[in-house]
Amino acid sequence: MIDAGLDAVIVTPGANMRYLTGFSEAGYERLFCLIAPLDREPLFVAPSVNVDQARRNPAGIADVREWNDAAGWHGLVEALAGELELTGGQVGVDDDMAARFVLPLQNILADGFLRSAGTVLSDLRSRKDRAELDALQRAASLTDRAYLAGRAACRAGASERDVAAAIEAAIVREGGALSFETIVAAGENSALPHHSPGGRKLAEGDVVTLDLGARVDGYCGDITRIVAIGQPGEDAARVYEIVLRAHRAALSLVRPGVAAEAVDAAARKVIEEAGYGDRFIHRTGHGIGLDDHEQPNIVAGNEHLLRPGECFSIEPGIYLPGRFGIRLENIVAVTESGVRVVNAPIPERIDVAG
Ligand code: ZN
Ligand code: ZN
């Protein structure tokens, strides 16, 4: 906060509040926030209906200021801005804060300014400690097991939705939640990176993309695997081999001090040299933790130097519209001296179902 020139940071419910306080209730239309001033103890502003939950926050923050529906929150926050000497100051807000809070807050600060606290918060969250890495590993292992359930459900005649249901049941059965909506994309649908599973039935000769993630203790898993129904065509086998080489080229570069953009470039180079540069239509990876997408992004132009404890996906892909697509994704953690892959190894060849 000192480096960013912020007098306070205000955070609404979500991954940032969970990270800072352990409080993990969902947010809604009533203002519920953590105010963390630079030189004073942090405090909660809570509507009456959430005051008891706020008092039980795992971080033990004792100061909880209550407002009720009849009075509204504006008066309370205005008084607090005076008490905490924030009017006229620079206040950072969570990137996920809703406009219905941001706009009145800006008015309350008068000649002060609201700014994004996104970088301050993501910088804290991107380096995982031991307990976080353990949770991320449990999420990764459950995600790997759920993939096996998904693969087992891949057979001619099953629909994309059937396979997604098998994956999600396997996650829930072991006490996990979903990191994101499961992607199952068969045949030509696999050329759409974010296809939603529908009634399309799997058929002989299809390649099927499974992109899935289990969430355990708040932390997310995320892998992508390719399954073939019967023997895959030669083209699919060849493109798979290129994407796997791109994945490994990126992985081989990961260690502390390497720029995120260099990891992206390593994967992209393999795909460009194979003639598919214009068919690799997204970044190579994204950070992962309490959110399924967070910092650091593994993308061209990101000069951020990787640090121990940072966790992200490596997921190059090639998408051939109307035909098929191949993406191969694992999560990695930067260690003191190199990298640790938290998922099972990606198969050398397309996994044939049945
Ligand atoms: Zn991903
Ligand atoms: Zn994914």
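**Note on a predicted model: strand S1 and the zinc site**

1. Ala8 stands opposite Val91 in S5, and this contact belongs to a parallel pairing of S1 with strand S5 (residues 90-93) that runs over three bridges. The model is a predicted one, which should be kept in mind for every point that follows.

2. On the pairing with strand S2 (residues 33-37), S1 runs in the antiparallel sense over four bridges, and here Val9 stands opposite Ala36.

3. Strand S1 (residues 8-11) is covered on both faces, with Ala8 and Ile10 buried on one side and Val9 and Val11 buried on the other.

4. Turning to the metal site, the zinc ion (ligand 2) takes its protein donors from Asp211, which contributes two OD atoms, from Asp222 (OD) and from Glu329 (OE), at distances of 2.0 to 2.6 Å. Along the chain these donors follow the spacing D-x10-D-x106-E.

5. Why is the arrangement around the zinc ion (ligand 2) irregular? The four donor atoms subtend angles of 54 to 146 degrees, whereas a tetrahedral assignment would require all angles to lie between 85 and 135 degrees, and therefore the arrangement is classed as irregular.

6. Asp222 also bridges the zinc ion (ligand 2) and the zinc ion (ligand 1), and the two ions lie 3.1 Å apart. Asp222, in the loop between strand S11 (219-220) and strand S12 (223-228), and Glu329, in the loop between strand S17 (324-327) and strand S18 (330-334), link distant parts of the chain, being 107 residues apart. Both Asp222 and Glu329 are buried.

Note on methods:
Residues are numbered from 1 along each chain as its sequence is written. Chains are lettered from A and ligands numbered from 1 in the order in which they are written. This is a predicted model: local features need pLDDT of at least 70, side-chain atom pairs count only at pLDDT 80 or more; totals for chains, interfaces and linings use all residues. Side-chain values use heavy atoms; hydrogens and water are left out. Donors are N, O and S atoms within 2.8 Å of the metal (3.2 Å for Na, K and Ca); water is not among the atoms, so sites may look incomplete. Four donors count as tetrahedral if all angles lie between 85 and 135 degrees; four count as square planar and six as octahedral if opposite donors are over 155 degrees apart and all others between 65 and 115; anything else is irregular. Helices (H or I, at least four residues) and strands (E, at least two) are DSSP runs, numbered from the N terminus. Buried means under 20% relative accessible area, exposed over 50%, partly exposed in between (1.4 Å probe, protein chains only). Two strands pair if DSSP finds at least two bridges between them.
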